[in-house]
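Thank you all for coming; I would like to take a few minutes to walk through one structure with you. Please have the sequence and the model in view while I talk.

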Amino acid sequence: MARYEFTEGSSSKFWEITLEGTTLTKRWGRIGTDGQEKVEEFDSKAEAKKAYEVQVREKERKGYTLAAGSESGDGGEATAESAVNPDLEAAILAKPDDVKGYLAYAEWLKGEGDPRAELILLQHSALDVPAATATAVGKKAAKFIEAHAQELLGESLAEAVSDETLKLEWHLGFIREARLGQVDYDSTADIPELLGELLAHPSARFLSRLTLGMASFDGENDYDDTLAVLAKAKPAPPLRSLFIGDFEFPDETEISWTQVGDLKALYKVYPRLQELRVRGGEIGLGKIDLPELRSFTVETGGLHQGTVKEIVKAKWPKLESLEIWFGQEGYGASGGVKDLKPLLDAEGVPALRKLGLRNSEFTDELCAALPKAKILAQLEALDLSMGTMSDAGADTLAQNDRAFSHLKSLDVTQNFLTKAGQKSVANVAKSVASGNQRTPYDEESRYAAVGE
């Protein structure tokens, strides 16, 4: 227990705080009385510890001092990495590209004895200098981060970096990019717990890009718990890019053995997202509300008809790139061209320039629908790869080549075209990729490239 007291003029007050696991207990009142008590519960130890330290510093700013004989108000660990200044953070968040905010934070952190102060100044010295100088400073910064890993990250996160469960990119003293995931079948890393610690850590306050690899090699690769942690982050980092499901299939797991889970709760928490990529099965999108999104990709072996409708009904005023993998009926794929009508009619996607309708079992039907689709006129790139396109589909594209002639690129790789089919589509767009075709056993055995 840490006890703080404030005695000035007629004021004679105490404030006590105790941290036990995820429970924070506070007691306060006039010195000599029992005072009042409040208990707060948090979702993780990291969140509880951060709340502890923030509240202690707030009392210290108000003039409270540690009472004689009281335990240190450090939450059980004297960690310089925990220094936080909400006002300076707000200034950086308001102007994330302005280095002045980071330099001001460095001055404050220096007074707190926080090693991030030196790291900010070191990485700042690598900006706007010749490449050779920047490389040399980068190597020096990497050594500094390694030498101060415990102070910059804490024990568990530093250990995760050491065994490559966690990979980080630092920018001006803070973590800008992070990839988190189990590394192999022997891994015992608790990904949701580590993610909670990362998101609650001051060093990750300005985290911009997050990639989630394998959540578990034991049984199904399930992201439900991981997404729950991501949705509860307080304060949430200003994520611009999120990739859920960065795994190799089928080497690490089959794509349809992965359960992504429900993404709806993330939209309000991360409204600044500009890039969202999801790989796996059992994907729940709900009503999508991401007004800043520029790129959306969903890679799956079986996209349900309901999810297709959720995608095409979304209003994305700034979306430039959309990639949808449909998958195989045997792995849950359902629906068809008719479900894509709002998208083909260019509803809600005024900025769309790149469209991927990939891994589909109705690619020939897409070839027939696209020449008349309103969306085609605004596109620069069209990807129909990994599907079931036959020579008949290729001929349809060729017969409507005027509709596609403005495209900078067309991708029809990994379909079922013969040499004749590849030849017929070769000049449909300015650049056409048509190699790596698959060969069916018969006309009825064509299938999307990725299912299981």
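I will go through the sheets, then one helix, then the nonpolar cores, and finish with the salt bridges. Please keep in mind throughout that this is a predicted model.

Let me begin with the strands. Eleven of them form an open sheet, and if you trace across it the order is β6-β7-β8-β10-β12-β14-β15-β16-β17-β18-β19, with mixed pairing. Which strands stand at the edges of this sheet? They are β6 and β19, and each has a single partner strand, so one side of each is left without a neighbour in the sheet. Within the sheet, β7 and β8 run parallel and are joined by four bridges, and if you want one pair to look for, alanine 178 has leucine 210 in β8 as its bridge partner.

There is also an open sheet of three strands, in the order β9-β11-β13, where the pairing is parallel. The edge strands here are β9, which covers residues 221-222, and β13, each of which pairs on one side only. Between β9 and β11, which spans residues 258-262, there are two bridges; asparagine 221 stands opposite threonine 258, and aspartate 222 stands opposite glutamine 259. On the other pairing, three bridges join β11 to β13, again running parallel, and aspartate 262 has glycine 284 in β13 as its bridge partner.

Now to the helix I picked out, α5, which runs over residues 131-147. With 17 residues at 1.5 Å a residue it should span 24 Å, and its end C-alpha atoms are indeed 24 Å apart, which agrees. Which residues of α5 are buried? Val137, Ala141, Phe144 and Ile145 are, and when you look down the axis of α5 these buried residues fall within an arc of 95°, so they line one face of the helix. As a reminder of the geometry, an α-helix has 3.6 residues a turn, so residues three or four places apart point the same way. The buried residues of α5 pack against α4 (116-124), α6 (149-153) and β6 (166-171), and that last element is the β6 that stands at one edge of the eleven-stranded sheet. The face of α5 turned away from the buried side carries exposed residues, including Lys139, Lys143 and Glu146.

Turning to the nonpolar cores, the largest has 97 residues, and those that touch the most other members are Leu230, Phe296, Trp316, Leu322, Leu384 and Leu397. Helix α8, residues 191-200, gives the most to this core, with five residues. If we take phenylalanine 296 as a place to stand and leave aside residues up to four places away in sequence, we find that phenylalanine 296 touches Leu276, Leu285, Ile311, Trp316, Leu319, Ser321, Leu322 and Glu323. There is a second, separate core of 14 residues, and among its members are Ala83, Leu109, Leu172 and Phe206.

Finally, the salt bridges, of which a search of the whole structure finds 22. I will show you three pairs and one network.

The side chains of glutamate 177 and arginine 209 meet at 4.0 Å, N to O. Glutamate 177 lies in strand β7 and arginine 209 in strand β8, so this pair ties together parts that are 32 residues apart in sequence. Both are partly exposed, glutamate 177 at a relative accessible area of 27% and arginine 209 at 34%.

Next, lysine 318 and glutamate 292 meet in a salt bridge at 2.9 Å, N to O. Here lysine 318 sits in the loop between α11 and β15, and glutamate 292 in the loop between β13 and β14, so the pair ties together parts 26 residues apart in sequence.

The third pair is aspartate 364 with arginine 446, at 3.7 Å, N to O. Aspartate 364 lies in helix α13 and arginine 446 in the segment after β19, so the parts that are tied together are 82 residues apart in sequence. Is aspartate 364 buried or exposed? At a relative accessible area of 18%, aspartate 364 is buried, whereas arginine 446, at 22%, counts as partly exposed.

As for the network, salt bridges that share partners join Arg3, Glu5 and Glu16.

Terms used. Residues are numbered from 1 along each chain as its sequence is written. This is a predicted model: local features need pLDDT of at least 70, side-chain atom pairs count only at pLDDT 80 or more; totals for chains, interfaces and linings use all residues. Side-chain values use heavy atoms; hydrogens and water are left out. Buried means under 20% relative accessible area, exposed over 50%, partly exposed in between (1.4 Å probe, protein chains only). A nonpolar core is a set of buried Ala, Val, Leu, Ile, Met, Phe, Trp, Tyr and Cys residues joined through side-chain atoms within 4.5 Å. Contact means heavy atoms within 4.5 Å. The expected span of a helix is 1.5 Å times one less than its number of residues. The arc is that of the directions from the helix axis to the C-beta atoms. Two strands pair if DSSP finds at least two bridges between them.
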